[in-house]
Amino acid sequence: MTFPNRYCPKCPHYLNTDIRACYTGCPDPARLTNFGEPIWKIKADGFFHTGVILSDVVVFSHSSSGRKGGVTAFHLADGSTAWSYSTAHPVESALSASNGVGYFASTGFLGGDAEVFCLDSSGRVLWRKTLSSGARSYPYLDEARLILALDDGSLAGFDRHSGSPLDIPRLSLPRGKHWLLKLDAHRLAVVSERGQITVLNLHSLSPVWMEPFSTGEEITSPPCLLPMNPRAISTHKTRG
């Protein structure tokens with residue numbers, strides 16, 4: 001079974017080349033033509049980071065050499081630009097999405113002027129809040145909360161619907177980029193690019209335990225934790 005670098009024209013999933021239909025059950029597989037070929041492609045002006053599906057568009061975060069950034073949405077059907085939202089500073093955080101709403105954060109400049117944004121599928125800003133530090137983390141999102149690990153080693157939390165700040169315990173995480181990974185119904189792991197895993201109570205966000213680890217190199221892609229044994233960590237890709 002192989003998966004080409006191509007999305008189904010009816011739904012935002014990769015295609016299964018063996019059954020020639022969407023692996024998750026495409027409602028109209030007969031629409032597939034020129035199977036295995038890209039439906040569309042675009043040339044990025046700067047650097048594209050991560051993308052999420054919001055309704056009928058795919059939204060990418062991006063940054064440029066001029067220290068600007070933002071997010072741009074493209075129509076899934078043909079790749080044409082649906083809308084774009086610019087920020088004063090690069091957007092290097094992972095995008096999170098749920099129920100047609102997307103969330104992302106900017107890095108700020110020298111740790112200041114960073115913000116977190118909530119946009120709907122049309123690009124309309126539902127809310128935006130100032131952060132105490134830039135954020136390049138992979139955030140955690142549940143039914144009520146958006147949780148970010150900031151570059152200064154602290155956590156920030158917001159009501160995902162209103163943007164109201166949440167009361168978050170003070171933590172001393174390593175500075176830099178982090179990944180927030182839900183382990184189970186009670187635990188949330190924060191993995192630092194600099195080699196530390198911190199497991200939090202998912203509800204109170206208070207620390208359960210903290211432990212350094214070493215891969216010999218800096219982590220640059222999302223790690224994989226085994227929920228039953230989060231100390232067994234796989235980083236997949238590192239850089240010197």
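Two residues are in contact when they have heavy atoms within 4.5 Å of each other. The exercises below use this term on a predicted model.

**Exercise 1. The chain as a whole**

Describe the secondary structure, burial, contacts and exposed surface of the chain.

Solution.
- Step 1: The chain has 21 strands and zero helices.
- Step 2: Of its 240 residues, 46% are buried.
- Step 3: Take the contacts with a separation of 6 or more; residues 24 or more positions apart account for 32% of them.
- Step 4: The exposed area of the chain is about 12,300 Å², and carbon and sulfur atoms supply 50% of that area.

**Exercise 2. S61**

Locate S61 in the secondary structure, decide whether S61 is buried or exposed, and list the residues that S61 touches beyond four places in sequence.

Solution.
- Step 1: Strand β4, residues 57-63, contains S61.
- Step 2: The relative accessible area of S61 is 0%. Buried means under 20%, so S61 is buried.
- Step 3: With residues up to four places away left out, S61 touches F47, F48, H49 and T50, as well as G70, V71, V91, S93 and L95.

**Exercise 3. R128**

Place R128 in a strand, classify its accessibility, and work out which side chains make polar contacts with the side chain of R128.

Solution.
- Step 1: R128 belongs to strand β10, which spans residues 125-130.
- Step 2: R128 has 42% relative accessibility. The partly exposed class lies between the 20% and 50% cut-offs, and therefore R128 counts as partly exposed.
- Step 3: Beyond four places in sequence, R128 is in contact with Y85, E115, V116 and F117.
- Step 4: F117 is eleven residues from R128 along the chain, and their C-alpha atoms are 4.4 Å apart.
- Step 5: The side chain of R128 makes a polar contact of 2.7 Å with the side chain of E115. Another polar contact, of 3.4 Å, joins the side chains of R128 and Y85.

**Exercise 4. The largest cavity**

Give the volume of the largest cavity, name its lining residues, and sort the lining by class.

Solution.
- Step 1: One cavity of 30 Å³ or more is present in the structure. The volume of the largest cavity is about 50 Å³.
- Step 2: Its lining consists of V52, L54, V59, V71, W83, L95, G102, F104 and L119.
- Step 3: At least two lining residues come from each of β3 (47-54) and β8 (101-105).
- Step 4: Eight residues of the lining are nonpolar, one is polar and none is charged.
- Step 5: V71 and L95, both in this lining, are also among the residues that S61 touches.

Definitions and conventions: Residues are numbered from 1 along each chain as its sequence is written. This is a predicted model: local features need pLDDT of at least 70, side-chain atom pairs count only at pLDDT 80 or more; totals for chains, interfaces and linings use all residues. Side-chain values use heavy atoms; hydrogens and water are left out. Helices (H or I, at least four residues) and strands (E, at least two) are DSSP runs, numbered from the N terminus. Buried means under 20% relative accessible area, exposed over 50%, partly exposed in between (1.4 Å probe, protein chains only). Accessible areas come from the Shrake-Rupley method with a 1.4 Å probe; for residues, only the protein chains shown count as cover. A polar contact is a pair of N or O atoms within 3.5 Å; within protein, one must be able to donate a hydrogen and the other to accept it, and residues adjacent in sequence count only if both atoms are side-chain atoms. On a 1 Å grid over the protein atoms alone, a cavity is a set of points where a 1.4 Å probe fits but cannot get out, and a pocket is an open set with protein on both sides within 12 Å along at least five of seven lines; lining residues have an atom within 4 Å of a point. Grid points are joined across faces, edges and corners, and a volume is the space filled by probe spheres set on the points. Ala, Val, Leu, Ile, Met, Phe, Trp, Tyr, Cys and Pro count as nonpolar, Asp, Glu, Lys and Arg as charged, and the others, Gly among them, as polar.
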